[in-house]
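Work through the exercises below with the sequence and the 3D view open. Try each task before reading its solution.

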Amino acid sequence: MEAYEENVCNADCLISNVVAKWPGSVHDSQVFWTSGIYQHLSQGEFSGVLLGDRGYACQPFLLTLFTDPQEAQQAYNHAHARTRARIEMTFGLLKACFHCLQDLRVSPLRACGITVACAVLHNVACLRKERAPRVPSHID
């Protein structure tokens with residue numbers, strides 16, 4: 001069973017939101033549009049913005065890349081990509097620390113619990129400033 005998770009993290013790689021209840025074949029944007037964080041952001045209950053890749057539609061609270069950017073927009077796209085790289089780094093750290101996340105072969109309910117538990121343990125390690133493992137370049 002491949003569990004799909006939708007994570008939100010900050011610049012310190014602390015995970016603040018995990019949605020771990022969808023199979024891996026579900027598109028990222030569908031997971032987001034049906035999530036609680038989307039509901040809160042779209043109703044103005046939370047302030048701030050999230051960064052998304054090209055798989056998401058731009059919203060006032062969800063900034064995405066410009067397609068075919070002009071010169072000033074290229075600078076924005078570059079800054080966006082550098083900032084969004086933190087979530088990719090966080091995924092790499094999770095998979096490096098918790099090898100079980102690379103190929104879960106358990107029931108969907110158990111996969112959700114394992115994913116959330118790993119995210120919590122990841123945050124504890126970050127807050128305690130535990131040394132992060134070296135992330136091999138071959139981890140997706």
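The exercises that follow concern a predicted model.

**Exercise 1. The nonpolar core**

Task: List the residues that make up the largest nonpolar core, and find which helix gives the most to this core.

Solution:
- Step 1. The largest nonpolar core has 10 residues in all: C9, I15, I87, L94, F98, L101, L104, A111, C118 and A119.
- Step 2. Helix 3 (71-97) and helix 4 each supply at least two residues of this core.
- Step 3. Helix 4 gives the most, with three residues.
- Step 4. A second, separate core has nine residues, among them V8, I37, L50 and F61.
- Step 5. In general, nonpolar side chains of soluble globular proteins tend to be buried together.

**Exercise 2. The contacts of I15**

Task: Leaving aside neighbours within four places in sequence, find which residues are in contact with I15.

Solution:
- Step 1. Among the contacts of I15 are N7, V8 and C9.
- Step 2. The others are T90, L94, A119, H122 and N123.
- Step 3. Compare with the core: C9, L94 and A119 belong to the largest nonpolar core, as does I15.

**Exercise 3. A salt-bridge network**

Task: Find which residues are linked with R84 in a network of salt bridges.

Solution:
- Step 1. R84 and D53 meet in a salt bridge, at 3.7 Å from N to O.
- Step 2. This pair links distant parts of the chain, with R84 in helix 3 and D53 in the loop between strand 3 (50-51) and strand 4, 31 residues apart.
- Step 3. R84 also forms a salt bridge with E88, at 3.0 Å from N to O.
- Step 4. E88 and R84 both lie in helix 3, four residues apart, about one turn of the helix.
- Step 5. The network therefore consists of D53, R84 and E88, and E88 counts as partly exposed because its relative accessibility is 41%.

**Exercise 4. Positive phi**

Task: Decide whether D68 and K129, which have positive phi, are buried or exposed.

Solution:
- Step 1. Most residues other than glycine have a negative phi.
- Step 2. D68 has a positive phi of about 50° and is found in the loop between strand 4 (62-63) and helix 3.
- Step 3. K129 has a phi near 60° and is found in the segment after helix 4.
- Step 4. D68 is exposed because its relative accessible area is 67%, and K129 is exposed because its relative accessible area is 72%.

Notes:
Residues numbered from 1 in each chain as written. Predicted model: local features only at pLDDT ≥ 70, side-chain atom pairs only at ≥ 80, totals over all residues. Heavy atoms only, no water. Core = buried A, V, L, I, M, F, W, Y, C linked by side-chain atoms within 4.5 Å. Buried < 20%, exposed > 50% of the residue type's maximum accessible area, 1.4 Å probe, protein only. Contact = heavy atoms within 4.5 Å. Salt bridge = Lys/Arg side-chain N within 4 Å of Asp/Glu carboxyl O.
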